[in-house]
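Colleague: Please take a close look at a single part of this model and explain, step by step, how it sits within the whole. I am new to this, so please explain each term when it comes up.

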Amino acid sequence: MAFPERFSNLPEYAFPRLRKLLDHHAPGGDPIAMTIGEPRHPMPAFLAQVLAENVHEFALYPPNDGTPELLTAITGWLKRRYGVDLTPDRVMALNGTREGLFNAAIALCPELKNGQRPVVLIPNPFYQVYAVAALAVGAEPVFVPATEETGFLPDFASLPAAVLDRTAIAYLCSPANPQGAVAPRGYLKTVLTLAEKHDFRLFSDECYSEIWRNAPPPGALEVANEVGADPERVVVFHSLSKRSNMPGLRSGFCAGGAQSMMRIRQLRAFAGAPLPLPLQRVSERAWNDEAHVTENRALYAEKYDMAEQVFAGVNSYHTPEGGFFLWLPVDDGEEAALKLWRETGVRVLPGAYLSRDVNGENPGKGYIRVALVAPKEETQRGLIGLRDCLYA
């Protein structure tokens with residue numbers, strides 16, 4: 001029986017790969033999980049009440065694009081957060097942003113770009129759905145290094161004009177997963193100018209936008225509005241998973257130009273799984289409330305401060321600008337993760353599992369990703385064990 005070849009070169013997903021690396025070794029202490037970005041801060045107190053009040057709506061088919069109340073809550077938040085005015089037809093509820101990041105490529109990537117196979121630009125390292133989306137639409141994924149030399153952001157402008165002229169979509173994540181780098185306004189303006197010159201779209205993954213150190217990161221819609229860019233150039237993706245500590249809710253949204261959103265909505269009407277109505281009610285309340293977001297950010301600020309204290313004597317350490325991952329340099333990520341597990345029980349993710357080899361080099365090979373999601377005391381124990389094992 002034949003199978004599609006376009007996915008045949010996908011590496012094993014990061015977490016099954018990690019289990020194969022670690023699980024046949026005994027941990028060297030009480031296990032501390034610092035691998036997956038699953039927030040473990042308290043969920044908003046209102047969640048249970050709103051869910052209980054609307055549980056009867058599980059008996060109804062939900063609106064695919066989102067209820068009018070939810071879309072109004074989202075556009076209101078975008079106005080307060082970024083100063084952009086969008087009509088409800090320019091936003092759409094998602095059953096988690098991963099499906100949006102995938103399906104938007106199917107809806108918006110052309111079959112040909114300037115008569116050739118289209119290119120999808122992907123930061124390297126990156127959130128793995130970007131590459132699968134590129135392959136699903138028959139595009140060529142081009143992995144653009146996002147290293148210390150480039151400020152941990154992809155330097156799209158350094159690519160040859162021939163590649164940019166074939167580019168249909170450029171994925172960007174800010175704050176970046178895994179490095180925590182924030183794309184400043186000047187950077188976003190440069191990318192938008194490049195997109196205009198070479199006629200491609202920017203897919204801006206902003207799922208970590210509300211977890212920041214010193215200042216709220218600018219958004220792609222915000223900057224596009226400031227410079228008067230074509231609204232069809234940008235699609236942004238936001239989630240309640242990190243902002244509101246509700247990863248299991250599977251609730252987010254995408255927003256963009258009216259024509260782009262019409263095509264995404266049309267595809268999703270056939271192939272999407274709408275968010276259940278009671279969960280849309282919870283989401284509506286979450287986007288309308290900032291108090292729990294401020295409290296959540298303060299908890300991460302305490303962890304940033306704690307990490308700075310733990311790694312005070314480690315010259316290679318730097319605090320990320322946003323997100324909740326540490327991107328720590330080591331000689332070899334797999335070797336470091338295995339050593340750490342066997343000697344301390346601390347479990348981290350090798351950076352190479354989030355990157356791809358390009359010309360024989362993997363920009364994540366010399367790093368580990370450490371998630372600061374556990375309770376503070378557990379996180380502190382894990383960081384101290386990590387420091388003493390790998391940096392003493």
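Modeller: The accessible surface of the protein chain comes to about 16700 Å², and 53% of that area belongs to carbon and sulfur atoms; such areas come from the Shrake-Rupley method with a 1.4 Å probe, and for residues only the protein chains shown count as cover. This is a predicted model, in which local features need pLDDT of at least 70 and side-chain atom pairs count only at pLDDT 80 or more, while totals for chains, interfaces and linings use all residues. Residues are numbered from 1 along each chain as its sequence is written, and side-chain values use heavy atoms, with hydrogens and water left out.

The protein chain holds 14 helices and 12 strands, which are DSSP runs numbered from the N terminus (helices are H or I with at least four residues, strands are E with at least two). Its radius of gyration, taken over C-alpha atoms, is compared with a globule rule of 2.2 Å times the number of residues to the power 0.38; for 392 residues a compact globule would come near 21 Å, and the chain agrees because its own value is 21 Å. Of these 392 residues, 56% are buried, where buried means under 20% relative accessible area, exposed over 50%, and partly exposed in between (1.4 Å probe, protein chains only).

The part I would look at closely is helix H3, which covers residues 68-82. The expected span of a helix is 1.5 Å times one less than its number of residues, so the 15 residues of H3 should span 21 Å, and its end C-alpha atoms are indeed 21 Å apart. Among the buried residues of H3 are Leu70, Leu71, Ile74, Trp77 and Leu78, and the helix is followed by Gly83, whose phi is positive, near 75°.

A nonpolar core is a set of buried Ala, Val, Leu, Ile, Met, Phe, Trp, Tyr and Cys residues joined through side-chain atoms within 4.5 Å. In the largest one, with 87 residues, Leu78, Leu121 and Leu383 touch the most other members, and H3 supplies the largest share of this core, seven residues. Contact means heavy atoms within 4.5 Å, and, leaving aside neighbours within four places in sequence, Leu78 is in contact with Gly83, Val84, Leu86, Val91, Phe253 and Ala255.

Trp77, one of the buried residues of H3, leads us to another helix, for among the residues that Arg243 touches, not counting those up to four places away in sequence, are Trp77, Glu210, Trp287 and Glu290. Arg243 lies in helix H9 (residues 240-243) and is buried because its relative accessible area is 2%. Its side chain makes one polar contact of 2.8 Å with the side chain of Glu290 and another of 3.1 Å with that of Ser244; a polar contact is a pair of N or O atoms within 3.5 Å, where, within protein, one must be able to donate a hydrogen and the other to accept it, and residues adjacent in sequence count only if both atoms are side-chain atoms.

Most residues other than glycine have a negative phi. Asn245, however, has a positive phi near 60°; Asn245 is placed in the loop between H9 and strand E8 (252-256), and counts as buried because its relative accessibility is 5%.
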